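Subject: Structure handover

Hi,

Here is the structure for you to look over. My notes on what turned up follow below.

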Amino acid sequence: MAQVAEKMPWKTESYVSQVEQHWPRTGRHILAQYDDNSVVVYQAFRAEIAEYAVKNQRFGGPHYKWGRMSWIKPNFLWMMYRCGWASKQEQERVLAVRITREGFDEILANAYTPKTQGEAGLSKAQITVRLQWDPDHDPSGNSLPRRAIQLGLKGETLSHYAQDWIVSITDITDFVHEQHNILKNSGTKELQVAAERVYQVNDPKTKALIGVEDWESS
């Protein structure tokens, strides 16, 4: 497990205030919770995988499939859309996985779409990070003009992510269920979600590779 100078707690904030003040409406942007040392990404698993990960603060165990591509999402609400607020089969437990910022930047620097893979002259076997820009979604699952990033990891990159770059793993399933009930009963006015801001990619080569757009927060 990676060590950082200071472990930051997982933070939540009003959904409405973030939409109004901090999140772009359109474009390709990475929304994430981060600090100077680390970035939070999300994954949803069956109970056995999640319990092993939380107990050991790394991934592994008899149910974890190293041969499959493992998808991570820095955007909390995209994770909620994908797992149905922890209601879909084998996605009943949601984990907030804090990894080193250095590790996250390395993932981005090696992230290819099929198009950019072809342009770089790389074979499928040479790719350890698959990049997708998908429509982002609001809490009710409605598609938005803004694009959200998800990253598929395999091979050496998956090994580093799962065992070397992890700062902490937190099971946030109870929070997910609580906020989903608030959403169903009261709408978004009282809804709390992960506190996220636009993650700035500073390396020009990485920015060009993944196609992320610039954003100046108001």
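**The negative patch**

Glutamate 156 is exposed, with a relative accessibility of 56%. This is a predicted model, so treat what follows as features of a prediction. Glutamate 156 sits in helix 6, residues 155–164. It belongs to a negative surface patch, together with Glu102, Asp105, Glu106 and Asp203. Which helix gives the most to the negative patch? Helix 4, residues 101–109, with three residues.

Glutamate 106 is in helix 4. Its relative accessible area is 38%, so it counts as partly exposed. In sequence, glutamate 106 and valine 129 are 23 residues apart. In space, their C-alpha atoms are 9.9 Å apart.

**Salt bridges**

There are seven salt bridges in the structure. Three pairs are described here one by one.

Start with glutamate 13 and arginine 197. Their closest N and O atoms are 3.1 Å apart. This pair links distant parts of the chain, 184 residues apart. Glutamate 13 is in strand 1 (residues 12–14), and arginine 197 is in strand 12 (residues 197–198). Buried or exposed? Neither: glutamate 13 is partly exposed at 22% relative accessible area, and arginine 197 is partly exposed at 27%.

Next, aspartate 35 and arginine 98. They form a salt bridge with the closest N and O atoms 3.5 Å apart. Aspartate 35 lies in the loop between strand 3 (31–32) and strand 4 (38–45), while arginine 98 is in strand 6 (residues 93–100), so the salt bridge ties together parts that are 63 residues apart in sequence. Aspartate 35 is buried, at 14% relative accessibility. Arginine 98 is buried too, with a relative accessible area of 4%.

Then aspartate 136 and arginine 146. Here the closest N and O atoms of the salt bridge are 2.9 Å apart. The two residues are ten residues apart, with aspartate 136 in strand 8 (residues 129–137) and arginine 146 in strand 9 (residues 143–153). Aspartate 136 has a relative accessible area of 0%, so it counts as buried. Arginine 146 is buried as well, at 7% relative accessibility. Elsewhere, Glu51, Arg93 and Asp171 are joined into one network by salt bridges that share partners.

**Helix 3 and what follows**

Why is helix 3 largely enclosed by the rest of the structure? Six of its eight residues (76–83) are buried, and that is why. The buried residues are Phe76, Leu77, Trp78, Met79, Met80 and Cys83.

Both ends deserve a look. Asparagine 75 caps the N-terminal end of helix 3. A side-chain oxygen of asparagine 75 lies 3.0 Å from the backbone nitrogen of leucine 77. After helix 3 comes glycine 84, with a positive phi near 65°.

Tryptophan 85 also has a positive phi, about 55°, although it is not a glycine. Most residues other than glycine have a negative phi. Tryptophan 85 is in the loop between helix 3 and strand 6. At 6% relative accessibility, tryptophan 85 is buried.

**Another positive phi**

Glutamine 57 has a positive phi as well, near 55°. The residue is found in the loop between helix 2 (47–56) and strand 5 (70–72). Glutamine 57 counts as buried because its relative accessibility is 18%, under the 20% cut-off.

**Strand 7 and helix 5**

Alanine 111 lies in strand 7, residues 111–112. With a relative accessible area of 0%, alanine 111 is buried. Where does leucine 151 lie relative to alanine 111? The two are 40 residues apart in sequence and 7.3 Å apart in space, C-alpha to C-alpha.

Threonine 116 is in helix 5, residues 114–120. The residue is buried, with a relative accessible area of 15%. Its side chain reaches the backbone nitrogen of threonine 113 at 2.9 Å.

Best wishes

Methods:
Residues are numbered from 1 along each chain as its sequence is written. This is a predicted model: local features need pLDDT of at least 70, side-chain atom pairs count only at pLDDT 80 or more; totals for chains, interfaces and linings use all residues. Side-chain values use heavy atoms; hydrogens and water are left out. Buried means under 20% relative accessible area, exposed over 50%, partly exposed in between (1.4 Å probe, protein chains only). Helices (H or I, at least four residues) and strands (E, at least two) are DSSP runs, numbered from the N terminus. A polar contact is a pair of N or O atoms within 3.5 Å; within protein, one must be able to donate a hydrogen and the other to accept it, and residues adjacent in sequence count only if both atoms are side-chain atoms. Patches are made of residues with over 30% relative accessible area and no salt bridge: like charges are joined within 9 Å, nonpolar side chains (Val, Leu, Ile, Met, Phe, Trp, Tyr) within 5 Å. Accessible areas come from the Shrake-Rupley method with a 1.4 Å probe; for residues, only the protein chains shown count as cover. A salt bridge is a side-chain nitrogen of Lys or Arg within 4 Å of a carboxyl oxygen of Asp or Glu. Lys and Arg count as positive and Asp and Glu as negative; His and the chain ends are not counted. The place of a charge is taken as NZ of Lys, CZ of Arg, CG of Asp or CD of Glu.
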